[in-house]
Amino acid sequence: MESISVFDMLSIGVGPSSSHTLGPWRAANTWIDKLQRLEQFTMVDSISVELYGSLSLTGKGHATDVAVIMGLLGTDPVTFPIHEISHQVEIVKSSKTLHLNSEKPIPFDFESAIRFNRKFLKFHPNGITFRATLRNGKKVSDTYYSIGGGFIVQQERKRAKRQIERFSLFPYPVEKATQLIDYCHAENLSISQLVLKNELSLRTLDRIDEKLKAIWDVMLDSMYVGCHTQGILPGGLNVRRRAFESHEKLKGDIAYTNPVEWIKAIRNTEVKFRQILKWVSCFALAVNEVNASLGRVVTAPTNGSAGVIPAVLMYYLVIENHDGNFDDIKKFLLVAGEIGSLFKKGATISAAMGGCQAEIGVSSAMAAGALTELMGGTPEQVLMAAEIAMEHHLGLTCDPIAGLVQIPCIERNAMGAIKAINACEMALDGDPKDAKIPLDKVIATMWETAKDMTTKYKETSEGGLAVQVNISDC
Ligand code: SF4
């Protein structure tokens, strides 16, 4: 079994898609590393890229071509300034030259060098092949698969081998939810405490805190930016950003000058049921509007579902606990990451494999469980909340209009967040002994449902809303 760290499940990246943008970007970075390792880099004369299956069918809307160029330029998706992406791509397009790893110029015609091939490769629906011709005439190529959440693998799964080795380091290796509960009982630990012990086998406490703070900072920033940005989202659907107006109405005349003051100010606003619903939706919409405009978000567990976890955590901080602090944020992210990893091990977090249940369903389950621990729930109630949240996302299809991560994606984050809060409350009021469906069963059910779902509903934009609604109708 592979070890999956919280930092595999929650990673900082760029929108709009973890599998179609972040993954291909990282794949291009990885390929360049390999060329350098094999001392082929300086001999490259020309390159081409082929996008297969779902990467081809929704790659334009998900900016896969842009991500590939940014990766080939050797830029880092975590740190590269978002506002400079289009400028960099424009330079490549107009000069018909790409500086591989920002150092070696090669001829590159954007229109013909990146090919969209509708064929699906056997190993995974999101295949990408990089080809190079070397100075001596030799041709080299590598195929990568973007398997969701920004993870990339090659068929021989070298990475998986490393992950398996790492798993043996964990004091509490967990494959199933039942094992997680058994460890919690045996050691008298909460889920977040247990997950922290596993993480400590990989890095120091200071480093864990530093990384979790960085993740929360990006989450908070994406909510803040989304709530303060108006206009139309790119891509041609003419989708108006809604978080701005919603936020304007909700905030009234509160005063603040930065995201931290913003949290304190929101705590002083009216919090009747309708306002709570609107605030949570507003936070989720904000993140996914930032994501849809190629902004920086936390993949949680994917970019399309990046708004659910920040929205539910923010709900805790501004509605439930005005004294909430980094310790709470840390617990929340540790539990959320662990629940996400259970889904990754037992099913999938890739919409190209399992539809939207694998994105919004998983993020909702992660958020529900994490909130339940912060609200004082037992480990059993945490898993019960995660189960309830997923149970009511089973079968959810992926059918983004025009291949853009906008409709239904942005609203779907608001719905996933609200369901997570409700699942938490139901679990807190329930007795896990009475629960008929354990989390492991719902994970298995999700995977069976994923396998039964037709390809039309797996991030291909060939079914559902994507064919009922034309871009010209929008
Ligand atoms: S429909 Fe769901 S799974 Fe598909 S791109 Fe949108 S958010 Fe992701």
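Mentor: Let's start with a term: two strands pair if DSSP finds at least two bridges between them. Keep in mind that this is a predicted model.

Trainee: Thanks! In what order do the strands of the open sheet run, and what is the pairing?

Mentor: The order is 5-2-6-7-8, so read with that pairing rule, these 5 strands make an open sheet with mixed pairing. At its edges lie strand 5 (114–117) and strand 8 (151–153), each of which pairs on one side only. On average, neighbouring strands here are turned by 25° against each other, direction ignored.

Trainee: Over how many bridges do strand 2 and strand 6 pair, and in which sense?

Mentor: Strand 2 (residues 44–52) and strand 6 (residues 127–134) are antiparallel, with 7 bridges. To find one of these on screen, go to Ser48, whose bridge partner in strand 6 is Arg131.

Trainee: Which strands does helix 2 touch where it packs on the sheet?

Mentor: Helix 2 (residues 18–37) touches strand 2, strand 6, strand 7 (139–148) and strand 8. The direction of helix 2 makes about 145° with that of strand 7. Helix 4 (residues 64–72) also packs on this sheet, touching strand 2, strand 5 and strand 6. For helix 4, the angle with the direction of strand 2 is about 150°.

Trainee: Now the ligand. Where does it sit, in terms of cavities?

Mentor: The ligand occupies the largest cavity. Around the ligand are Gly304, Ala351, Cys356, Glu359, Cys398, Asp399, Cys409 and Arg412. By class, that shell holds 4 nonpolar, 1 polar and 3 charged residues.

Trainee: And how should I read the backbone geometry?

Mentor: Here is the general idea: most residues other than glycine have a negative phi, and most peptide bonds are trans. Now for the cases in this structure. Ala300 and Pro301 are joined by a cis peptide bond, with omega about 0°. Pro301 belongs to the loop between strand 9 (296–299) and helix 14 (308–320). Another cis peptide bond links Ile407 to Pro408, with omega about 10°. Pro408 is in the loop between helix 18 (379–391) and helix 19 (409–429).

Trainee: What phi does Asn101 have, and where does Asn101 lie?

Mentor: Asn101 is not a glycine, yet has a positive phi of about 55°. You will find Asn101 in the loop between strand 3 (97–100) and strand 4 (104–107).

How values were computed: Residues numbered from 1 in each chain as written. Predicted model: local features only at pLDDT ≥ 70, side-chain atom pairs only at ≥ 80, totals over all residues. Heavy atoms only, no water. Helix = DSSP H or I, 4+ residues; strand = E, 2+ residues; numbered from the N terminus. Axes fitted to C-alpha atoms, helices over the stretch in contact; angles between N-to-C directions. Contact = heavy atoms within 4.5 Å. Near = heavy atom within 4 Å. 1 Å grid on protein atoms, 1.4 Å probe; cavity = no way out; pocket = protein on both sides within 12 Å on 5 of 7 lines; lining within 4 Å. Sits in = over half its atoms within 2 Å of the grid points. Nonpolar A, V, L, I, M, F, W, Y, C, P; charged D, E, K, R; others polar.
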